[in-house]
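Readers meeting a structure like this one often want a guided path through it, beginning with a helix and moving on to the side chains that it carries. The report below offers such a path.

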Amino acid sequence: MARFDEIKDLVLSLEGDFEKFYEKGNQAAGTRVRKGMQDLKTLAQNIRAEVQDQKNAKES
């Protein structure tokens with residue numbers, strides 16, 4: 001569940017930048033959103049690999 005908390009924390013940390021970009025047109029906030037979304041993608045890929053490894057270990 002710690003990994004899930006990491007995802008939640010990352011998404012919540014981006015909330016302000018999402019608002020600044022979409023509601024106020026702040027371009028720098030858009031850059032931070034893009035970086036945060038890339039970090040989220042990387043985190044999700046790592047979690048997927050962990051889940052697959054644990055699943056395969058139990059099947060062996």
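What follows is a description of a predicted model, taken in turn through a helix, its buried face, its aromatic rings and its charged pairs.

**The helix α1**

Helix α1 covers residues 2-24, and its length can be checked by a short piece of reasoning: at 1.5 Å a residue, its 23 residues should span 33 Å, and since the C-alpha atoms at its two ends are 33 Å apart, the expectation and the model agree. The helix nevertheless has a bend of about 35°, which is located at E15. After α1 comes G25, a residue whose phi is positive, with a value near 70°.

**The buried side of α1**

Which residues of α1 are buried? They are L10, L14 and D17, and the buried residues of this helix pack against α2, which covers residues 27-59.

Of these residues, D17 can be followed in some detail. This residue, which lies in helix α1, has a relative accessible area of 12%, and because the cut-off for buried is under 20%, D17 counts as buried. Leaving aside residues up to four places away in sequence, D17 touches A29, R32 and V33. With R32 there is also a polar contact, made between the side chain of D17 and the side chain of R32 at 2.9 Å.

**The aromatic rings**

The structure holds two aromatic pairs. F18 and Y22 form a pair that is stacked, with a distance of 6.0 Å from centre to centre and an angle of 15° between the planes. Both of these residues lie in helix α1, where they are four residues apart, or about one turn of the helix. F21 and Y22 form a pair that is edge-to-face, with 5.0 Å from centre to centre and 80° between the planes. Through these ring pairs F18, F21 and Y22 are linked into a cluster.

How are the residues of this cluster placed with respect to the surface? Y22 has a relative accessible area of 62% and is therefore exposed, given that the cut-off for exposed is over 50%. F18, at 30% relative accessibility, counts as partly exposed, and F21, at 26% relative accessibility, counts as partly exposed too.

**The charged pairs**

How many salt bridges does the structure hold? There are five, and the table sets out some of them, including the distance between the closest N and O atoms.

| Salt bridge | Closest N and O atoms |
|---|---|
| R3 and E6 | 3.2 Å |
| K8 and D5 | 3.7 Å |
| D39 and K35 | 2.9 Å |

The pair R3 and E6 belongs to helix α1, and because these residues are three residues apart there, about one helical turn separates them. R3 is partly exposed, with a relative accessible area of 25%, while E6 counts as partly exposed at 35% relative accessibility. This pair also takes part in a wider arrangement, for R3, E6 and E50 are linked in a network of salt bridges.

The pair K8 and D5 also lies in helix α1, and being three residues apart, K8 and D5 are separated by about one helical turn. At 40% relative accessibility K8 counts as partly exposed, and D5, with a relative accessible area of 33%, is partly exposed as well.

The pair D39 and K35 lies in helix α2, where the two residues are four residues apart, about one turn of the helix. D39 is partly exposed, with a relative accessible area of 33%, whereas K35, at 52% relative accessibility, counts as exposed.

Such spacings fit a general property of helices: an α-helix has 3.6 residues a turn, so residues three or four places apart point the same way.

**Drawing the parts together**

Returning to helix α1, a reader can find along it the bend at E15, the buried residues L10, L14 and D17, and the stacked pair of F18 and Y22. From its buried residues the helix packs against α2, and the polar contact between the side chains of D17 and R32 is one detail to look for in the model.

Notes:
Residues are numbered from 1 along each chain as its sequence is written. Side-chain values use heavy atoms; hydrogens and water are left out. The expected span of a helix is 1.5 Å times one less than its number of residues. The bend at a residue is the angle between axes fitted to the seven residues ending there and the seven starting there. Buried means under 20% relative accessible area, exposed over 50%, partly exposed in between (1.4 Å probe, protein chains only). Contact means heavy atoms within 4.5 Å. Rings of Phe, Tyr and Trp (its six-membered ring) pair if their centres lie within 6.5 Å; planes under 30 degrees apart count as stacked, over 60 as edge-to-face and the rest as tilted. A polar contact is a pair of N or O atoms within 3.5 Å; within protein, one must be able to donate a hydrogen and the other to accept it, and residues adjacent in sequence count only if both atoms are side-chain atoms. A salt bridge is a side-chain nitrogen of Lys or Arg within 4 Å of a carboxyl oxygen of Asp or Glu.
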